[in-house]
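Q: Can you zoom in on one part of this protein for me? I'd like to know what it touches and how it fits in with everything else.

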Amino acid sequence: MRTLRPSSSLFHRHAQSAAEHAFAEPARRAAPGPTASFDTFTPAGPVRVSPGTVTGYSALERQKLDRATAKLGEVLNSREFRDAVLAHTFAGKSGFASDERTPAEVYAVIRAAKERYTAVADGEVDLNLELRTLSWFQRGVVGYTREGSETITTNRRHFSGFDEAGIAGHLGHEWLHTLGFEHDFKATARRPHSVPYALGDLIEALASRPTLTPV
Ligand SMILES: [Zn+2]
């Protein structure tokens with residue numbers, strides 16, 4: 001889940017969500033494949049973004065969504081994204097908050113694109129998306145995904161105001177949760193440096209650029 005204002009976490013829609021409570025748990029480490037070498041990880045091909053079930057979007061909203069998912073794919077396949085992930089530091093050291101994995105391991109997990117609800121690491125961003133108008137009390141909630149759910153819900157109140165880059169960043173943030181990346185539930189000082197927040201913001205920033213270099 002991504003909120004715009006720290007205070008809005010008081011109205012967190014899914015306070016029971018395990019994914020959002022992970023700050024209490026030790027960070028999990030990725031299980032490296034038998035022949036995986038993170039230092040020399042080379043994707044077999046470009047990451048594809050594949051919207052699956054899409055509900056609640058009008059035709060016009062769907063057009064905007066499609067432009068955003070195209071941007072998301074362009075960013076994930078860019079040299080700029082790869083270099084920024086690999087160079088990421090937190091608290092003066094290589095890495096991210098709330099995660100023990102190295103940037104190279106984080107990047108490898110992203111490129112493998114193995115969501116918790118898909119059987120194989122297919123290098124494909126599998127997105128099931130729902131657009132809903134959340135209640136006024138949840139107005140600070142941009143969107144969320146829950147452990148055990150295959151759907152990323154987006155709040156129409158924010159979707160309408162976001163440009164394609166903003167939507168790409170939001171979808172990137174929630175998709176990173178589906179890969180197992182987590183962050184503090186509360187708006188802690190380190191939360192912006194977690195994988196979902198840091199890379200969601202990075203995706204948004206890169207999606208705003210007129211051109212990117214394919215990796
Ligand atoms: Zn989140």
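A: Helices (H or I, at least four residues) and strands (E, at least two) here are DSSP runs, numbered from the N terminus. On that basis the protein has 6 helices and 7 strands, and along the sequence they run β-β-α-α-β-β-α-β-β-β-α-α-α. This is a predicted model, with local features needing pLDDT of at least 70, side-chain atom pairs 80 or more, and totals for chains, interfaces and linings using all residues. Residues are numbered from 1 along each chain as its sequence is written.

Let's zoom in on helix H3, residues 103-112. Of its 10 residues, 8 are buried (20 or more other C-beta atoms, placed from the backbone, within 10 Å of their own; 12 or fewer is exposed, in between partly exposed). So H3 is largely enclosed by the rest of the structure. For the protein as a whole, buried residues come to 39% of the 215 residues.

Which residues of H3 are buried? Pro103 is one, and the others are Val106, Tyr107, Ala108, Val109, Ile110, Arg111 and Ala112. Their packing partners are helix H1 (59-76), helix H2 (79-86), strand S4 (93-94) and helix H6 (195-207). Just past the end of H3, Ala113 has a positive phi of about 55 degrees.

Now for what surrounds it. H3 is one of the elements giving two or more residues to the largest nonpolar core, as I'll get to in a second. That core (buried Ala, Val, Leu, Ile, Met, Phe, Trp, Tyr and Cys joined through C-beta atoms within 7 Å) holds 38 residues, and Leu72, Val75, Val125, Ala168 and Leu171 have the most contacts inside it. The elements that put in two or more residues are H1, H2, H3, strand S5 (124-132), helix H5 (164-178) and H6. H6, which also packs against the buried residues of H3, supplies the largest share of the core, 7 residues.

Val75 makes a handy place to look inside that core. Leaving out residues up to four places away in sequence, Val75 touches Phe81, Ala168, Ile203, Leu206, Ala207 and Leu212 (contact meaning C-beta atoms within 7 Å). There's also a second, separate core of 5 residues, including Met1, Leu134, Val142 and Tyr144.

H5 and H6 meet each other as well. On the H5 side the residues include Ala168, Gly169 and Leu176, and on the H6 side they include Leu199, Ile203 and Ala207. Across the whole protein, 71% of the contacts between residues at least 6 apart in sequence join residues at least 24 apart.

Methods:
Contact = placed C-beta atoms within 7 Å.
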